[in-house]
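Q: Please take a close look at one strand and its hairpin, and then set that part beside the sheet, the pocket and the helix residue described with it.

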Amino acid sequence: MFKRFRSGLFYPSEIINYRSERKITTVLYLGILVLLSMIPSFIIMFEENPLDFEDKRAIREAFRDEELPYKIENNQLIYLGDGEGVIKVEITDTLNVILTPESEAVGVSPFSVDAYIILTKEKVYYMHSLNARELFSYSDYADLENLDFSEAAHSRSDFWTTVFRIANDQLQRNAWRTNLVNMVGLLLVSMFSLLILGVIITFLQKLFNPYSSFGEIFRLMVYALTPHVIGQLLASLFGFSLLAIVGMIMTVIYASKLSRKLIQR
């Protein structure tokens with residue numbers, strides 16, 4: 001594979017030698033390109049802090065001036081106000097926090113696409129698309145005892161220090177689940193993007209080379225995508241967008257050269 005990578009990046013004239021190789025080899029090489037294109041996203045995904053300063057500021061602002069007559073006593077969320085007590089706080093356009101004195105997660109509209117963090121009498125749940133998942137019980141964190149939610153409206157530092165510490169702990173505990181979903185989605189998007197680009201370049205080269213089959217041309221175009229992928233990778237890692245443009249230009253040039261060589265043969 002290293003030889004093919006070297007040819008795809010530096011010696012496009014050698015790529016013509018791979019026109020008759022097994023399809024599985026081309027598929028494996030395409031997989032390598034997909035993985036390379038995912039590296040910047042992987043780095044961001046695994047280095048990202050659970051809650052940064054802007055996240056914390058946005059959360060505190062969302063709770064500012066909210067009346068939350070709730071307190072945790074004896075590992076239970078106690079409602080201190082009048083009425084049914086269900087309170088909803090919108091954190092972002094797609095994330096909400098709900099406090100309820102009930103023991104079960106409150107119902108959410110089946111048409112809602114938002115995510116909900118639901119604080120019930122004894123436990124905290126995460127709900128999205130009608131799937132509720134238990135996060136933790138109040139008894140799991142000793143410093144939640146006597147936590148007064150009315151302090152959230154006044155931005156009391158002690159209150160938010162406790163809340164953010166537990167939030168970060170929960171985000172870290174569930175990071176593998178989120179990262180797994182993100183990785184699968186990223187893999188599909190990266191693969192689809194390279195396939196579409198490969199098909200487009202192959203189609204354009206096919207217009208000038210009716211003598212070769214689409215599959216034969218596509219097989220060579222996969223290797224011609226190497227400069228494009230490496231250019232994108234370096235541009236993301238070093239913040240130099242010109243490298244991505246250079247990579248794409250090299251790919252187009254390599255594709256044209258390979259098409260001419262196919263015609264000559």
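A: Strand β1 spans residues 70-73 and has two unlike faces: Y70 and I72 lie on the covered face, while K71 and E73 lie on the uncovered one. In a regular strand the side chains alternate between the two faces of the sheet. Strands here are DSSP runs of E with at least two residues, and helices are runs of H or I with at least four residues, numbered from the N terminus.

The model is predicted, so local features need pLDDT of at least 70 and side-chain atom pairs count only at pLDDT 80 or more, whereas totals for chains, interfaces and linings use all residues. Residues are numbered from 1 along each chain as its sequence is written, and side-chain values use heavy atoms, with hydrogens and water left out.

The partner of β1 is strand β2 (residues 76-79), and four bridges hold the two in an antiparallel pairing; strands pair if DSSP finds at least two bridges between them. I72, from the covered face, has L77 of β2 as its bridge partner. Two residues lie between the strands of this hairpin, where N74 takes a positive phi near 55°.

Another set of strands forms an open sheet of five in the order β3-β4-β5-β6-β7, with mixed pairing. At its edges stand β3 (87-90) and β7 (131-137); each has a single partner strand, so one side of each is left without a neighbour in the sheet. From one strand to the next the twist averages 20°, with axes fitted as lines to C-alpha atoms and angles running from 0 to 180 degrees between N-to-C directions. Within this sheet, β4 (residues 95-99) and β5 (residues 115-119) run parallel and are joined by five bridges, and V97 is bridged to I117 of β5.

Turning to the helices, T25 is found in α2 (residues 23-47). T25 counts as buried because its relative accessibility is 12%, and buried means under 20% relative accessible area, with a 1.4 Å probe and protein chains only. Beyond its neighbours within four places in sequence, T25 is in contact with M1, R4 and Y223, contact meaning heavy atoms within 4.5 Å.

Helix α2 also gives two or more residues to the lining of the second largest pocket, as do α5 (175-208) and α7 (226-238). Among the lining residues are S37, P40, L194 and H228.

Note on methods: Buried means under 20% relative accessible area, exposed over 50%, partly exposed in between (1.4 Å probe, protein chains only). On a 1 Å grid over the protein atoms alone, a cavity is a set of points where a 1.4 Å probe fits but cannot get out, and a pocket is an open set with protein on both sides within 12 Å along at least five of seven lines; lining residues have an atom within 4 Å of a point.
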